[in-house]
Amino acid sequence: MAEGPPVTVERPWGQEDLLRRLAGAVAGRRLPQSLLVHGPEGVGKRSLALWMARALECEAADVPCEECRNCRMAARLEHPDIHLHFPMPRPKRAASRAKLREAIETQRHERLALLREDLHARLDPDAVTGLYVAAVENIRDQASRRPSMARRSVFVIEDAERMVPQSASPEAANAFLKLLEEPPPFAYLVLTSSRPDALLPTIRSRTVPLRIAPLPTERVAAYVAKHLGVRDDDRARGVARRAGGAVYRARMLVDAEVDESGAAADGLLAAALDGSPQARYRAASRYSARGARGELEPALEALRIRLRDMLCVAAGAADAALDPDRTKKSGAAGSQGARGAGGVPAEGAVLEALGAVDAAMEGVGRNLNPQATTALLLEEMSAAFAGRSTGRMAGTPQFAGVLRSL
């Protein structure tokens, strides 16, 4: 048989114990039909989900063997019984529901072609995306059909919390719930999420959670040196510390694009610490009112890391910070509000700010206005650092209501 394109799905790095347990569950037919793989952004959820799909389709006793036809096709994202779904832009208005579903499937195959070239490619970074009802209907229709080549069908649904792209529109998630309640005996469903608490409780209750824990810094540093070509030990360890145990976040950190995200996070933090409306306005105005999700989301991820470090310093655990020097410098440059150890805001203030960032992240995931989201986030962070929390971002529904009132 002629060889196909290069293998794109790599074995999850540093998760050998977990892989052994999962392989044993597959071989012993003990793997649950509905799984929720969750963990921090960049920890390797996609790789693990696709590795499980390969193990389920493997023809050998010791799974996955990496050599049989099923394994080779799965590694190239070409297996007809492995279906990878992910959030995408809503297609333009179609003449019928059937045409809309067809357009969604065409989009998915176009993006699968990109992932075969680079499994870590960012799809539609600046677009409003979601797992819309038409996409869920396609998943349910595919799941109802018997496998065409193997004994099982495997469905990997990424960022499953995005099945509710608007807080008042849970139709997609409810439609998927019907499949979870009565899956065909040959169908396995693997959901992934960085924010499992954003899923409908009814979906969480019908899936078995599988958490991917962050790796120790030394193991991530080994990945950075071996796979990303960073030969300087100090630099590799620095990247690993900032990655927070997530190997694919480390991959992004080595990329210059993430340096821009880090600079954007520093700008947001500086504006919040400054405390003036002018500084907040300038920081928020760099994001457009729409289509800036691809720029804002990584900046918020980087901001979350900055605040985590500030919390470490405030709690007197500076050694646990990923970049303590930067944190102390940022804290010293801010306003003289609620202060704790090391000159940075006190623990309670940083926790309030972290809660605001989490609410903003959910708002971005639900396609709320990026500029208004940033403005409200900075207002809440400034208030927290000054020792006067407003609580307006206590939860996503309240947050969405505040934005609509602006």
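Student: What makes the length of α2 agree with that of a helix?
Tutor: The expected span is 1.5 Å times one less than the number of residues. For the 13 residues of α2 that gives 18 Å, and the end C-alpha atoms are 19 Å apart, which agrees. Helices here are DSSP runs of H or I with at least four residues, strands are runs of E with at least two, and both are numbered from the N terminus.

Student: On what kind of model do these values rest?
Tutor: The model is predicted, so local features need pLDDT of at least 70 and side-chain atom pairs count only at pLDDT 80 or more, while totals for chains, interfaces and linings use all residues. Residues are numbered from 1 along each chain as its sequence is written, and side-chain values use heavy atoms, with hydrogens and water left out.

Student: Why is α2 called largely enclosed by the rest of the structure?
Tutor: Buried means under 20% relative accessible area, exposed means over 50%, and partly exposed lies in between (1.4 Å probe, protein chains only). By that rule 12 of the 13 residues of α2 are buried, so the helix is largely enclosed. Among the buried ones are K45, L48, W51, M52 and E57. Across the 406 residues of the protein chain, 53% count as buried.

Student: What makes the largest nonpolar core a core, and which helix gives the most to it?
Tutor: A nonpolar core is a set of buried Ala, Val, Leu, Ile, Met, Phe, Trp, Tyr and Cys residues joined through side-chain atoms within 4.5 Å. The largest such set has 43 residues, and L22, L48 and M52 have the most contacts inside it. Helix α2 (residues 45–57) gives the most, with eight residues. A second, separate core of 30 residues includes L296, L354, L378 and F385. In soluble globular proteins, nonpolar side chains tend to be buried together.

Student: Which residues does L48 contact outside its own stretch of sequence?
Tutor: Contact means heavy atoms within 4.5 Å. Leaving aside neighbours within four places in sequence, L48 is in contact with P12, L18, L19, L22, V37, L210 and I212.

Student: What describes the packing of α1 against α2?
Tutor: Two packed helices are described by the angle between their axes and the distance between the axes. Axes are lines fitted to C-alpha atoms, for helices over the stretch in contact, with angles from 0 to 180 degrees between N-to-C directions. The axes of α1 (residues 16–27) and α2 come within 10 Å and cross at roughly 35 degrees. The contact is made by L18, L19, L22, A23 and V26 of α1 and by L48, W51, M52, A55 and L56 of α2.

Student: Is the crossing of α1 and α2 left-handed or right-handed?
Tutor: A crossing is left-handed if the near helix is turned anticlockwise from the far one by less than a right angle, and right-handed if clockwise. The crossing of α1 and α2 is right-handed.

Student: How do you know whether I139 is buried or exposed?
Tutor: Its relative accessible area is 1%, so I139 counts as buried. I139 lies in helix α5 (residues 133–144). Beyond neighbours within four places in sequence, I139 is in contact with H85, F155, I157, F176 and L179.

Student: And what about T192, buried or exposed?
Tutor: T192 has a relative accessible area of 3%, so T192 is buried as well. T192 sits in strand β6 (residues 187–193). Residues that T192 touches, not counting those up to four places away, include V37, K45, A49 and I157.

Student: Why is the pair D141 and R101 called a salt bridge?
Tutor: The term requires a side-chain nitrogen of Lys or Arg within 4 Å of a carboxyl oxygen of Asp or Glu. The N to O distance between D141 and R101 is 3.9 Å, and their side chains meet in a salt bridge. The pair links distant parts of the chain, with D141 in helix α5 and R101 in helix α4 (residues 97–117), 40 residues apart. D141 is partly exposed at 28%, and R101 is partly exposed at 23%. The structure holds 19 salt bridges.

Student: What makes R304 part of a network?
Tutor: R304 forms a salt bridge with E301 (3.5 Å, N to O) and another with D358, at 2.9 Å between the closest N and O atoms. Salt bridges that share partners join R249, E301, R304 and D358 into one network. E301 and R304 are three residues apart in helix α13 (residues 293–314), which means a separation of about one helical turn. At 14% relative accessibility E301 counts as buried, while R304 is partly exposed at 25%.
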